[in-house]
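Hi,

Here is the structure I promised to send over. Have a look at it first, and my notes follow underneath.

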Amino acid sequence: MTATLTDADLLRAAVDHVRTHDTAALLRALLPGLDGVELRAITDRCRFAHTALLVFPSGPDALRRTLADSGLTVREAPQPSTVVRQRLASRHRLDAAGLDVGILRPSVTGLDGERRVVELFALTVPEGSELAELASHERALQHEAHLGFEVDRPDPLVLRGLCAVLARHGARADGGGYNPHEDGTVFYFEAPADSKAGYRRIELYAPGDHRDLLADHLARHRAEQPAEALLRLLTGAWTTQALAAFAELGVPEAMDEHTGRTAEQLAQAVDADPDTLLSLLRYLTMLGAVLRDGAGFRLSPSGALLRADAPGSLRPLALLYAGPFYRSFARLSDTVRTGRVAFDELYGENHFDHFARDPELAELFDRSMAASTRMFDPLPSHPVVRAAAAASRPDAPRTVVDLAGGTGELLARLLTAHPGLHGVLLERPRVAAAARQFFDATGCGPRAACRSGDFADVPADGDVYVLSRVLHDWEDDRCREILRHLADAMPAHADLLIVERVLPDDGSPSLATAWDLHMRCNVGGRERTAAHFARLLADAGLELVDRSPLPLDAFVLQARKSDPRSGI
């Protein structure tokens, strides 16, 4: 029968390991498939810093004796270990507050002359403590034993690259965390199955706060835990409502991105119940919309986008998705079963008519459309737009026609970027009036005409036609009709730019996949592949000639009238 190793046995083994290994040799043992280029890239950016283990002393004196038995001395007091304490609490379903876990780092000089440390996690387990069973379990399985590599000069690109190399060679995400006591971020991995290093876990330690990257790492870890991953998916509705409540109550406006405020201070500012607001803030911290700051909370960059006055604010989308569309999405199974639009079935009319009857909803919808305009950022530099601007003259200005262009956000961008261009926006009367005000406010009013009408009223004097986020509202037959109106009105030299999300052909992740379901359930339209768009264009006498990616998983598709001589 094999004797159970004591803490002193395990510590002596760790000291010997730190003393006898260097960075390059250890990486080759951990990741046997590493080639020379990858090995050099890693060793240039990180170094073997420590071997770690978890011990269970009965108190401070017992810990000092264990260290002395291994020839180690530590003068500093242990620092709290936030990450390991949380991992132990999660693994054994205990309250983390009842686990006294500290970190000590006695130094060891390697045979290569490098100074390294043994990272010693110490959970105090007094004689007769109910934690004795936990200690026995952890000592046998060594969940927290690992090899630690510290990243020099960490930045997001370097950290992503290092994580990608580890994953490519079989290392799997295994949790991590941010330790505010040390201002350091930890990324844990399970070692590959063919590792020969003798330790099952790897740590990347990056000085500083890298919680944005950590969130991606933890998401990969959760994805490998099927039950937990499914539970998180099932609570997605809670996420939508939590973000919307956060925005609706005006909490983001009461917060700061740099200085934390307590839940009590925020509750007073927004007239909310302090305890319940604290619960909401904890949940939003888990989502990454809010960050802990001592005893308080501050906004993350994503949470700041829920401020009403933030550039590119997503507050309108949060309220819309948690409001009328949320209620109709609850009938998704009916849409899947019948193909009918759940929104129309619930409200008795399509969403355009429903919103038009309610001025507040109509304004919210218009603002929600403007919330995603970051996808428009590259369009003023599109070759078609630049060519039109270059050919424009004061006595013969080139014209951009924006069909169903909402309140004019995209057209105003094009006209502002190119002062020689003129524009025409075609919209419903109420929206056209709002666009008129927007054009005047942005300074391009004299060059922008607003016309009321529908797709049968396409102006025939344009040089560039724009159809942004329109076709996904409709089924194929209506799309063909819209495109035929365009083809009939467009001069032979004109170009058509279509802005839409495009479904990937290979099934790769894309926002278009989620929006396809949304459009079918709430609008009656759909998202499409590039090949599908090409067929619709061909049916209308148009030809797809190019497509370019845009932010937010969108694309701009360029089309022209088909050349009759080509046989198309």
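Which element gives the largest share of the lining of the second largest pocket? That is α25, with seven residues.

Before the rest, the small print. This is a predicted model, so to speak with its own filters: local features need pLDDT of at least 70, side-chain atom pairs count only at pLDDT 80 or more, and totals for chains, interfaces and linings use all residues. Residues are numbered from 1 along each chain as its sequence is written, and side-chain values use heavy atoms, with hydrogens and water left out.

Back to the pocket (on a 1 Å grid over the protein atoms alone, an open set of points where a 1.4 Å probe fits, with protein on both sides within 12 Å along at least five of seven lines; lining residues have an atom within 4 Å of a point). The second largest one holds about 1,400 Å³ of space, the volume being what is filled by probe spheres set on the points, which are joined across faces, edges and corners. Its lining has 38 residues, and Leu243, Leu314, Tyr321, Leu511 and Trp515 lie nearest the centre. Elements giving two or more residues to that lining include α10 (236–248), α15 (315–321) and α25 (511–523); helices here are DSSP runs of H or I with at least four residues, strands are E runs with at least two, and both are numbered from the N terminus.

Pro316 sits in α15. Pro316 is buried at 7% relative accessible area (buried is under 20%, exposed over 50%, partly exposed in between, with a 1.4 Å probe and protein chains only). Its C-alpha atom is 9.1 Å from that of Ala244, 72 residues apart along the chain. Leaving aside neighbours within four places in sequence, Pro316 is in contact (heavy atoms within 4.5 Å) with Leu364, Arg367 and Ser368.

Now for a strand. β16 (residues 495–501) has seven of its seven residues buried. On one side these are Asp495, Leu497, Val499 and Arg501, and on the other Leu496, Ile498 and Glu500. β16 runs parallel to β15 (residues 464–468), joined by five bridges, with Tyr465 partnering Leu496; strands pair if DSSP finds at least two bridges between them. β16 also pairs with β18 (residues 554–561), this time antiparallel over six bridges, and Arg501 stands opposite Ala554 there.

Lastly, Thr66 is in helix α4 (residues 60–69). Thr66 counts as buried because its relative accessibility is 16%.

Cheers
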